[in-house]
Amino acid sequence: MVKSRRKQQDRRAATRAALLDAARRQFGAAGYEATLLDGIAADVGVTKGAVYHHFPDGKPQLFEAVVLLEQEAMLEAISSRHSEIDDGFTALGQRLRAYFVYASQPGPYRITLHDAPVVLGFARWREVEYRYTTRLIEAELSGLIERGAIPRLPAAMIAAAIYGACEAVTHIVAAADDRPGATEEAVVTIVSLFRGLSLAEDRRRSH
């Protein structure tokens, strides 16, 4: 009995994972509006009713689950970047590069920056972006503040400003013919903003 229940749970988990994988591909390729639940179900080889079994609220709920998956993947890509040169700005540049590389890919970009703000709504999207991205920037800022590299300004306020800059720059990178080149320009631009804060702190200390 226990073994049978476990097998059933495993099948459900496998079906849900397959639905998310198919939805991720289709939302990324065609966008939210053009993607149909029938197509996702057909891709997995289940009925449309099976989609509703796992996602009772239908396409919006499935899409939000995909957005969170993309955010997790992006966070993993950023967090995996480490620098042996522990000067703060070098590590920051590496993580920013990982962010721009991931976020500017056609699929992730369409899902997280093109469709998500509209489909999820402004309030929910802000919650998601804070949980996965703005909070990470805030942590980076806090580390630089503790090192004395930048002024002791409100980290949350600066993080919101920096994330806004990162998001705006990602749109440019995603549309660029030379994405690798645009990525490097984006990294230099954002790191320069951080270094500008550092120079401001140096000037403050010298007076």
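A search of the whole of this predicted model turns up two cavities of 30 Å³ or more. Here they are side by side.

| Cavity | Volume | Lining by class |
|---|---|---|
| Largest | about 140 Å³ | eight nonpolar, one polar and two charged residues |
| Second largest | about 50 Å³ | six nonpolar, three polar and no charged residues |

Let's start with the largest cavity. Its walls are made by Ile78, Leu92, Arg95, Leu96, Tyr99, Thr133, Leu136, Ile137, Glu140, Cys166 and Phe194. Two elements give two or more residues to this lining: helix H5 (89-103) and helix H7 (122-147).

Now for the second largest cavity. Around this space you will find Gln71, Met74, Tyr99, Ala103, Thr112, Leu113, Trp125, Thr133 and Tyr163. Helix H4 (59-79), H5, H6 and H7 each give two or more residues to that lining. Tyr99 and Thr133 appear in the linings of both cavities.

Helix H6 deserves a visit of its own. This helix spans residues 106-120 and has a kink of about 35° at His114, shortly before the proline Pro117. Its buried residues are Gly107, Pro108, Tyr109, Ile111, Thr112, Leu113, Asp115, Ala116 and Leu120. Two of these buried residues, Thr112 and Leu113, also line the second largest cavity. Just after H6 comes Gly121, which takes a positive phi of about 90°.

Terms used:
Residues numbered from 1 in each chain as written. Predicted model: local features only at pLDDT ≥ 70, side-chain atom pairs only at ≥ 80, totals over all residues. Heavy atoms only, no water. Bend = angle between axes of the 7 residues up to and from the residue. Helix = DSSP H or I, 4+ residues; strand = E, 2+ residues; numbered from the N terminus. Buried < 20%, exposed > 50% of the residue type's maximum accessible area, 1.4 Å probe, protein only. 1 Å grid on protein atoms, 1.4 Å probe; cavity = no way out; pocket = protein on both sides within 12 Å on 5 of 7 lines; lining within 4 Å. Points joined across faces, edges and corners; volume = space filled by probe spheres on them. Nonpolar A, V, L, I, M, F, W, Y, C, P; charged D, E, K, R; others polar.
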